[in-house]
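Grab a pencil and work through these exercises at your own pace. Each one gives a task, then a solution in steps.

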Amino acid sequence: MRVLMVLCCAGMPACQGIIGDTPASLAGADTSERPFVLGDQHTAIGVRRLTRAELGATIEDLLGVAGAETSLPPDQTIAFLSNNAHGLKVGLGDVEALARMSEAVAAEAVTSIELPLGCAVATLGADCYDAFAADFLPRAFRRPASDAELERYRALFDATRELDGDEDALAAVIAAVLQSPGFLYRTEIGDGGELTSWEIASRLSYLVWGTMPDNELLAAAAADRLRSPDSREAQLRRLLASSRAQANVSRFVLEWLGLGDARLSRKDPSVLDGLPADFEASTRAETRAFIEDTLVTSAGTVETLYASTHSFLNATLAAFYGVPGIAGDDLRRVSLPSRERRGLLTQASIFTAHAKELGYSVVQVGRFVRERVLCQELPPPPDDADTTLPAPPAGTRWSYREQFEAHAKEPICKGCHAFLDPPGYAFLPYDPVGRYRERDEHGEPFDTKGELIELDGGSAPFADAADFTTLIAGSNAAKDCFATMFHQWAYGRALAREDLDAFAPLRDDFATSGGQFTGLLTALVRAPEFTKPGPTR
Amino acid sequence: MVSRKLDRREILKHAAMAALIGPAMRATMARAADPPVRRLVTIFQPNGLTYIDAGPNGGETSWDVGDHFRPYERHKNDLIAFSGMHIGGMQFGTYRESGHAAGARSCLTCMPDGGNDFATGPSIDQFVARKLFEQRLAPYVKAPVYAVGGNGADPANHWQPWYESSGRKAAITLQPRAAFDGLFAGFTASTGTTIDRVIARKKSILDLAHADCKALLPALPPEGRELVDYHCARIREVEQSLSAVTPAGSSCEVPGAALEAVQGRDVYSPSSYPALAGFFFKLIDAGLRCDLTRVAGLEFGYAATRFNMPWVNAPLIGEVGTGEYNVNDHHSYHHVGNREILGRFMTWYADQIAAFVDLLKAPGPDGTRLLDSTMVHVTNEFGGTGTPSDHYNGNVPMFVFGGGGGTFRTGRHLRYDNDGRHHHALMVSLIKAMGITGVEQFGHTAAGSGPLQRMY
């Protein structure tokens with residue numbers, strides 16, 4: 001994403017170079033010119049390296065060893081997502097980390113692995129090895145293993161066994177498989193313009209579960225039963241019934257909204273005062289539970305995601321949000337009576353991630369809403385940024401908002417700040433951890449009203465955060481943004497013009513439905529494009 | 001199948017063992033490298049200088065390190081300080097804003113963006129590590145980068161200066177355990193069997209991965225082939241590097257105790273930053289002494305990190321009209337401007353770096369100092385014009401500690417005139433001082449060629 005971090009540099013005054021009422025990049029914006037149509041990252045390149053999270057889940061399914069991915073470097077994100085295939089180039093540090101991880105996993109796996117035919121690790125022998133490999137390699141590669149592959153691994157087994165014995169030989173084979181591109185990448189190459197049935201099975205499984213296909217899906221692939229939209233939809237329904245589907249959807253939302261690597265420990269100690277030890281874990285759990293319930297379990301909509309009047313709270317969160325009568329550590333579905341809390345954008349985890357360590361975060365919150373929630377591009381700051389702000393007249397005290405507004409009145413600042421600041425004003429009462437405050441440090445009530453411009457081609461007034469989130473929930477922009485981001489997530493690349501054309505009806509249907517997620521997912525999986533490799537350069 | 005967590009205690013046990021078996025293992029190893037060994041460390045600190053006269057100033061031989069770099073005073077004779085340097089490379093980009101992003105992308109790569117927020121070439125450390133290997137000056141390709149602080153986020157997903165290649169950031173390690181393993185895990189693998197056997201097996205495994213990698217290529221479209229072929233080449237590099245792990249300087253010590261001292265610390269909490277900086281610098285020092293790497297990097301935060309330092313006791317900014325309010329982090333002060341308080345932030349980084357140089361200056365058993373074969377390059381993402389909150393990528397305070405084995409005349413201050421070409425030339429000088437031949441140009445080709453003559 002071209003302007004990923006532009007505004008945080010300024011702490012506030014980022015778009016000074018935009019003269020007039022509307023940032024140049026937004027004036028007359030044509031939806032086909034969205035920032036997500038990126039020249040270099042929209043092509044299908046035939047391979048998609050498993051992300052760190054996908055590697056962890058796949059290794060757990062394959063070998064029963066959990067947490068292997070924690071030792072790997074983070075993935076290089078593109079447009080907020082970790083699974084853009086163009087960003088998943090395996091570098092030197094990755095090869096080294098994968099080697100260490102694979103050896104550790106293999107050493108662990110051979111102590112517990114279940115072998116076919118009553119074979120034992122310590123006395124494996126050639127026949128038992130062959131039986132193991134005939135099962136293990138195809139599962140690891142998510143497709144049949146070639147004779148050449150089987151021979152290569154057999155040669156490694158034999159050579160290691162001769163020197164170091166059966167157990168080490170088996171560990172060497174497992175470690176080699178985990179470092180093999182056959183395991184690390186899923187291919188989407190196809191044959192004659194159509195993906196192979198194995199490739200379709202992996203595309204479906206990683207999309208819905210974030211891990212390798214299970215036996216039933218592999219069997220369907222083996223029988224080439226994934227070509228018809230109905231058969232894919234039937235598999236999708238089966239996969240959606242599992243809690244793995246929920247977890248994978250929340251992974252998408254957390255990455256897209258930048259909630260994944262947020263840490264409370266970065267905040268100033270003064271704002272952490274009085275928070276119980278389980279606060280951070282509870283806020284993460286709340287957001288995950290809310291996303292998973294809304295989008296998958298309840299088959300709900302993006303409108304509900306942003307405007308819901310309920311959430312999932314335990315005693316810690318209930319105390320924090322001021323909801324009486326909730327005890328215990330377990331989350332439960334709770335109605336939120338107050339206007340202070342409406343939907344995802346008012347949950348504490350949002351502020352952990354996007355508010356500063358201390359103080360106010362008008363621009364940070366504005367940028368979060370514009371870039372992530374609405375998929376709008378922010379222009380970069382100019383070369384000659386002069387960010388000196390006007391001082392108040394002598395003897396006058398300005399509130400934080402008044403200070404911003406004085407700055408935003410200047411012609412050079414006007415366009416960007418009118419675009420960026422109002423969403424931040426709506427959330428002024430929320431402190432850096434998401435605590436709601438009635439009054440500012442001067443004892444004055446917060447002025448949270450504003451005008452949300454550049455929304456669905458118009459603008460709308462709001463009085464406070466509840467109003468604001470209702471506007472977001474009702475907008476086409478928010479649904480379109482969700483659909484666009486999910487579309488990129490599904491295909492592991494930015495979108496090409498032909499994607500936007502092909503998926504226009506699907507996005508329209510999604511908006512009409514209020515943004516019903518499982519409907520979008522079903523339409524994606526049924527679409528003819530789902531069995532095709534995608535556009536190449 | 002029962003799911004099992006990798007046992008961290010088990011791994012820690014190995015670390016302790018490493019401290020024991022390290023020396024024994026090394027005794028069996030041959031010495032490597034006939035040409036003089038040269039080492040390079042790159043260090044990045046976030047935000048800018050703002051007050052130009054708080055950085056290096058004065059003449060070439062009669063000069064001052066500047067208020068904000070006072071801890072460097074004790075190393076004055078071992079460094080060259082630069083003023084009036086402009087970040088190279090960025091002026092050739094398509095996304096030409098001045099500031100954090102451009103400075104971060106270009107301050108170690110001297111390359112512009114590719115229109116998509118990624119630099120279009122490798123940073124000097126990664127470039128040097130690969131060249132050392134290609135020219136048989138080092139028996140391995142190794143260039144780890146570590147990070148301290150990141151405002152609770154992973155630096156990998158923000159503007160960072162280190163690139164392995166065009167569009168590919170270098171892996172940055174935040175976690176002490178992973179950083180330690182990246183250098184010293186090889187030492188632990190020899191329990192129960194000989195080191196030769198262990199290396200041979202690792203090589204066979206990587207060789208098989210390489211064969212699988214090559215077998216995948218023909219079916220792929222060109223872009224995919226390029227991406228996977230890059231992976232194949234890295235597998236080969238790691239394999240060849242492994243076969244040559246034959247380290248040992250006389251002062252090599254596995255920093256197991258340093259690791260244990262920071263194990264379990266929250267790497268995202270500012271209260272951990274001082275301890276983590278100490279650990280990573282100790283790790284780099286040990287990695288260099290044990291000759292497990294010739295190149296390393298350390299990042300404080302990432303570009304534009306607010307970088308909270310509760311221990312410098314910066315008061316909350318409450319002045320109306322400053323653009324910042326009720327905050328007290330480094331980035332915000334950079335916008336607001338306060339020479340004295342910005343000095344507290346800047347001096348903290350300088351303190352950590354100066355302490356690292358102290359480590360490099362500690363003589364080994366044979367009386368030599370690591371610093372005499374090591375160059376440490378320090379940069380920010382921008383400098384300043386004297387106006388708070390500007391984001392000018394000129395007047396960047398840069399420092400090179402160590403004379404590259406007598407190559408450079410240290411103890412001087414070199415002033416330039418904010419022509420980005422000097423930055424490219426500085427990089428060429430460092431590359432040449434590493435013993436690398438045939439490189440006359442670094443970064444964008446339009447910036448000219450040749451070293452920075454005044455360094456010699």
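**Exercise 1: a sheet in chain B**

In what order do the eight strands of the open sheet in chain B run, and is the pairing parallel, antiparallel or mixed?

Solution. Keep in mind that this is a predicted model.
- Step 1: Go across the sheet strand by strand, and you get the order 9-6-10-2-11-12-5-13.
- Step 2: Check the directions; the pairing is mixed.
- Step 3: Look at the two ends. Strand 9 (172–173) and strand 13 (412–415) of chain B are the edge strands, each pairing on one side only.
- Step 4: Zoom in on one pair. Strand 2 (residues 39–44) and strand 10 (residues 295–300) of chain B run parallel to each other, joined over five bridges. Here Val41(B) sits opposite Ala296(B) of strand 10.

**Exercise 2: the two chains side by side**

Work out how many helices and strands each chain has, and what share of its residues is buried.

Solution.
- Step 1: Start with chain A, which has 22 helices and seven strands. Of its 537 residues, 57% are buried.
- Step 2: Move to chain B, with eleven helices and 13 strands. Its 456 residues are 62% buried.
- Step 3: Now take contacts between residues at least 6 apart in sequence. In chain A, 69% of them join residues at least 24 apart; in chain B the figure is 71%.

**Exercise 3: the nonpolar core**

Find the residues that touch the most other members of the largest nonpolar core.

Solution.
- Step 1: The core holds 283 residues, and the ones you want are Val105(A), Val173(A), Ile174(A), Ala176(A) and Phe280(B).
- Step 2: Ask which element gives the largest share. That's helix 10 (residues 339–361) of chain B, with eleven residues.
- Step 3: Pick out Phe280(B) and skip its neighbours within four places in sequence. What's left in contact is Tyr146(B), Val148(B), Ala179(B) and Leu298(B).

**Exercise 4: two backbones with a positive phi**

Where do Arg142(A) and Asn395(B) sit, and are they buried or exposed?

Solution.
- Step 1: Recall the usual case: most residues other than glycine have a negative phi.
- Step 2: Arg142(A) isn't a glycine, yet its phi is positive, at about 60 degrees. You'll find Arg142(A) in the loop between helix 3 (125–141) and helix 4 (147–164) of chain A. Arg142(A) counts as buried because it has 23 C-beta neighbours inside 10 Å, and the cut-off is 20 or more.
- Step 3: Asn395(B) isn't a glycine either, and has a positive phi of about 50 degrees. Its loop lies between strand 11 (374–379) and strand 12 (396–401) of chain B. With 24 other C-beta atoms within 10 Å, Asn395(B) is buried.

**Exercise 5: the surroundings of Phe312(A)**

Which residues does Phe312(A) touch, not counting those up to four places away in sequence?

Solution.
- Step 1: Locate Phe312(A) in strand 4 (residues 310–313) of chain A.
- Step 2: Count around Phe312(A): 22 other C-beta atoms lie within 10 Å, so this residue is buried.
- Step 3: List the contacts: Glu286(A), Ala289(A), Phe290(A), Asp293(A), Leu331(A), Arg332(A) and Arg333(A).
- Step 4: Try a distance too. Gly519(A) is 207 residues away along the chain, and its C-alpha atom is 24 Å from that of Phe312(A).

**Exercise 6: confidence in chain A**

Over which residues of chain A is the pLDDT below 50?

Solution.
- Step 1: Begin with the whole chain: chain A averages a pLDDT of 88, and 90% of the residues score at least 70.
- Step 2: The stretch below 50 covers residues 1–39. In the model it has 110 contacts beyond near neighbours in sequence.
- Step 3: Decide how to read it. Where pLDDT is low, the predicted coordinates shouldn't be read in detail.

Key: Residues are numbered from 1 along each chain as its sequence is written. Chains are lettered from A and ligands numbered from 1 in the order in which they are written. This is a predicted model: local features need pLDDT of at least 70, side-chain atom pairs count only at pLDDT 80 or more; totals for chains, interfaces and linings use all residues. Helices (H or I, at least four residues) and strands (E, at least two) are DSSP runs, numbered from the N terminus. A residue is buried if 20 or more other C-beta atoms lie within 10 Å of its own, exposed if 12 or fewer, and partly exposed in between; C-beta atoms are placed from the backbone. Two strands pair if DSSP finds at least two bridges between them. Two residues are in contact if their C-beta atoms, placed from the backbone, lie within 7 Å. A nonpolar core is a set of buried Ala, Val, Leu, Ile, Met, Phe, Trp, Tyr and Cys residues joined through C-beta atoms within 7 Å. pLDDT is the predictor's confidence in each residue, from 0 to 100.
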